[in-house]
Amino acid sequence: MGILNVTPDSFSDGGYFNRLDRALAHVESMLAAGATLIDVGGESTRPGAEPVSVEEELGRVLPVVEAISSRFDVVISVDTSTPEVMTASAQAGAGLINDVRALERPGALQAAAATGLPVCLMHRQGEPGSMQDAPSYASVLDEVSAYLQARVAACEMAGISRARLLLDPGFGFGKSLEHNLQLFAGMGHLRPSGLPLLVGVSRKSMIGQVLDRPVDQRLSGSLALAALAIGAGARIIRAHDVAETMDAVRMASAVMQARDTQ
């Protein structure tokens, strides 16, 4: 899954792809590098980020979704928690809803159900503006699992079948470095089991903390985690550096295939 941020304040590339021509050129390069999904985000959810209005998010996201849909044969994922954006994006050609708030905003469950699209449910503790202030868990794996199980149940009650659901552990969303590492190490035991896992760790602060690298020097750490995520059962890797990540994923997958045939 290639990342396309159309926001002025994302932690890694905020502002660069706000122009439609740049956004489309980036999509083209990510597809050439092997991406099969493009994740379009119009509201930054980095630590400390401020929410945006519905109108502003629609204005950022819809023209990009429409342009990608008309030009490229690719699954468009929309990174949003806003019901109106879910509805309008589905009508514009989106094929997946990727919600960091796991459809908790008022009206989001109903809007997502009405679109008929697959949905990725992510765990977080707190809201982006303050989520990294003092994250706390008795057992991060158990609590993330319990939250995701509850959100899957809520989706099923709203008419969204399990066959339409994906899970994201939410690395960096209300979690300390220790929490992130513990969660990553136990990811293969995440519940509910049987649903596809999406993992997004590309360039994140956990890499910077371990390696003491700024955001533009975290490629090696991102690739290491991508390969480890595949080994732990992840089926979608959300990445900024698509070509390099594809190499890591293909290599890890080849080893796993060989192991499975032994």
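Residues are called buried when their relative accessible area is under 20%, and exposed when it is over 50%. On this basis helix α9 of the predicted model has the buried residues V242, T245, A248, V249, A252 and M256. These residues cover an arc of only 125° around the axis, and therefore lie on the same side of α9. The helix itself runs from residue 242 to residue 261 and comprises 20 residues. From its first C-alpha to its last, α9 reaches 28 Å, close to the 28 Å expected at 1.5 Å a residue.

The two sides of α9 were then examined for their surroundings. The buried residues of α9 pack against two strands, β1 (2–5) and β8 (234–238), and against two helices, α1 (20–32) and α8 (219–231). On the face turned away from this buried side, α9 carries the exposed residues D247, R250, M251, V255, Q257 and T261.

Helix α9 also contributes to a pocket. The second largest pocket has a volume of about 230 Å³, and 15 residues line it. Nearest the centre of this pocket lie M1, T36, I237, M246 and V249. V249 is also one of the buried residues of α9. Four residues of the lining come from α9, the largest share, while β8 and α9 each supply at least two. By class, the lining consists of ten nonpolar, four polar and one charged residues.

Backbone geometry was considered next. Most residues other than glycine have a negative phi, and most peptide bonds are trans. Against this background, a cis peptide bond joins R191 and P192, with omega about 0°. P192 is placed in the loop between α6 (177–185) and β7 (197–200).

Positive phi values occur at A102 and at R203, neither of which is a glycine. For A102, phi is near 50°. This alanine is located in the loop that connects β4 (96–99) with α4 (108–115). With a relative accessibility of 0%, A102 counts as buried. For R203, phi is near 60°, and the residue lies in the loop between β7 and α7 (205–211). The relative accessible area of R203 is 19%; because buried means under 20%, R203 is classed as buried. Strand β7 thus borders both the loop that holds P192 and the loop that holds R203.

Methods:
Residues numbered from 1 in each chain as written. Predicted model: local features only at pLDDT ≥ 70, side-chain atom pairs only at ≥ 80, totals over all residues. Heavy atoms only, no water. Expected span 1.5 Å × (residues − 1). Buried < 20%, exposed > 50% of the residue type's maximum accessible area, 1.4 Å probe, protein only. Arc of directions from axis to C-beta. Contact = heavy atoms within 4.5 Å. 1 Å grid on protein atoms, 1.4 Å probe; cavity = no way out; pocket = protein on both sides within 12 Å on 5 of 7 lines; lining within 4 Å. Points joined across faces, edges and corners; volume = space filled by probe spheres on them. Nonpolar A, V, L, I, M, F, W, Y, C, P; charged D, E, K, R; others polar.
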